[in-house]
Amino acid sequence: MILNSLILDNLLTGLAQPFTRPGSRSAIAKHPRQGPLAVGRLGLEGDEQGDLRVHGGVEKAIHHYPREHYAAWAAELGEHPLLAEPGAFGENFSTTGWRESDVCLGDRIRVGSALLEVSQGRMPCWKLNDRFDVAQMALRVQQSGRTGWYYRVLEEGVVQAGERLELVERPHGEWSVARLSAVLFDKHLEPELLRECLALPLVPSWRKTLQRRLEQRQVEDWAPRLHGA
């Protein structure tokens, strides 16, 4: 699999604000930023997360979402106002040219002066339901595989829209984000496949999830994540 470089079309950040349900906060509404932004271990300058228990942190410092997915969503949802501009899915990076099947776990990406590493795919949650006002939106994102992916920051630096993303290293070329997410989102247990995944450098939360499945021989309940309390 050859991953060609591509342009960072939009760089987006957002601030945490009260959200739709009592006591909830979210920074899912992201807006384009112009000019250079610092990239630290926890993400982009001026970007926040509403619930640090499940969002943000070093393993989910930057979220990348393919802009070409918007056309597929528009075909399914109709003309939705959120799909008119990038940022609908809370992404920090918006590009055209890379999808979940193109990007692999552990890919190291140079953009600007920062070095990033693909850490995991996104596990969609109920906030997508409320943001789009579509009851099963999180589940639809999960089932479609159009989740986007996260980066951890290996080298801090500066980045801005219009710069090029370049693949500099690929240690796990057989494990695309799409393939790994398909294992995570599969209700059917395959012990050998789980063991193969557990040999990868997974983020702690994914490792714990897959290890528990292997030990308990059952898949966890997704309802709290997909629908909320």
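At 0% relative accessibility, Y65 counts as buried, and in this predicted model Y65 belongs to one aromatic cluster together with Y70, W73, F89 and F132. The briefing below begins with the aromatic residues and the charges that sit over rings, then turns to the largest pocket, to helix α5, and to the surroundings of two buried residues, V111 and S181.

**Aromatic pairs**

- The count of aromatic pairs in the model comes to seven, and one of them joins F19 and W126 in a tilted arrangement, with 6.2 Å from centre to centre and 45° between the planes.
- This pair links distant parts of the chain, since F19 lies in the loop between β3 (17-18) and β4 (25-26), while W126 lies in the loop between β11 (114-121) and α2 (127-132), 107 residues apart.
- The two partners fall into separate exposure classes: F19 has a relative accessible area of 21% and is therefore partly exposed, the limit for a buried residue being under 20%, whereas W126, at 15% relative accessibility, counts as buried.
- Another of the pairs is formed by Y65 and Y70, which meet edge-to-face at 6.3 Å from centre to centre, with 65° between the planes.
- Y70 counts as buried at 4% relative accessibility, and Y65 counts as buried at 0%.

**Charges over rings**

- Y70 also has a charged partner, for the charged end of R67 sits over the ring of Y70 at 4.4 Å from its centre.
- Elsewhere, R179 lies over the face of W175, at a distance of 3.7 Å from the ring centre.

**The largest pocket**

- The largest pocket has a volume of about 1,300 Å³, and of the 50 residues that line this pocket, the closest to its centre are R53, V54, H55, K60 and C125.
- The elements that give two or more residues to the lining of the largest pocket are β4, β8 (62-66), α2, α6 and α7 (223-227).
- Helix α6 supplies the largest share of that lining, with six residues.

**Helix α5 and its packing**

- Within helix α5, which covers residues 191-198, the buried residues are L194, C197 and L198.
- Seen down the axis of α5, these buried residues fall within an arc of 100°, so they line one face of the helix.
- The buried residues of α5 pack against α4 (177-184) and α6 (204-216), and α6 is also the helix that gives six residues to the lining of the largest pocket.

**Surroundings of V111**

- V111 is found in strand β10, which spans residues 108-111, and V111 is buried, with a relative accessible area of 1%.
- When its neighbours within four places in sequence are left aside, V111 is in contact with L8, F93, L116, V158, V159, E163, R164 and L165.
- V111 and L167 are 56 residues apart in sequence, and their C-alpha atoms are 9.1 Å apart in space.

**Surroundings of S181**

- S181 is found in helix α4, one of the two helices against which the buried residues of α5 pack.
- S181 is buried, with a relative accessible area of 6%, and, leaving aside its neighbours within four places in sequence, S181 is in contact with G121 and W206.

Methods. Residues are numbered from 1 along each chain as its sequence is written. This is a predicted model: local features need pLDDT of at least 70, side-chain atom pairs count only at pLDDT 80 or more; totals for chains, interfaces and linings use all residues. Side-chain values use heavy atoms; hydrogens and water are left out. Helices (H or I, at least four residues) and strands (E, at least two) are DSSP runs, numbered from the N terminus. Buried means under 20% relative accessible area, exposed over 50%, partly exposed in between (1.4 Å probe, protein chains only). Contact means heavy atoms within 4.5 Å. The arc is that of the directions from the helix axis to the C-beta atoms. Rings of Phe, Tyr and Trp (its six-membered ring) pair if their centres lie within 6.5 Å; planes under 30 degrees apart count as stacked, over 60 as edge-to-face and the rest as tilted. A charge sits over a ring if NZ of Lys or CZ of Arg is within 6 Å of the ring centre and within 35 degrees of the ring normal. On a 1 Å grid over the protein atoms alone, a cavity is a set of points where a 1.4 Å probe fits but cannot get out, and a pocket is an open set with protein on both sides within 12 Å along at least five of seven lines; lining residues have an atom within 4 Å of a point. Grid points are joined across faces, edges and corners, and a volume is the space filled by probe spheres set on the points.
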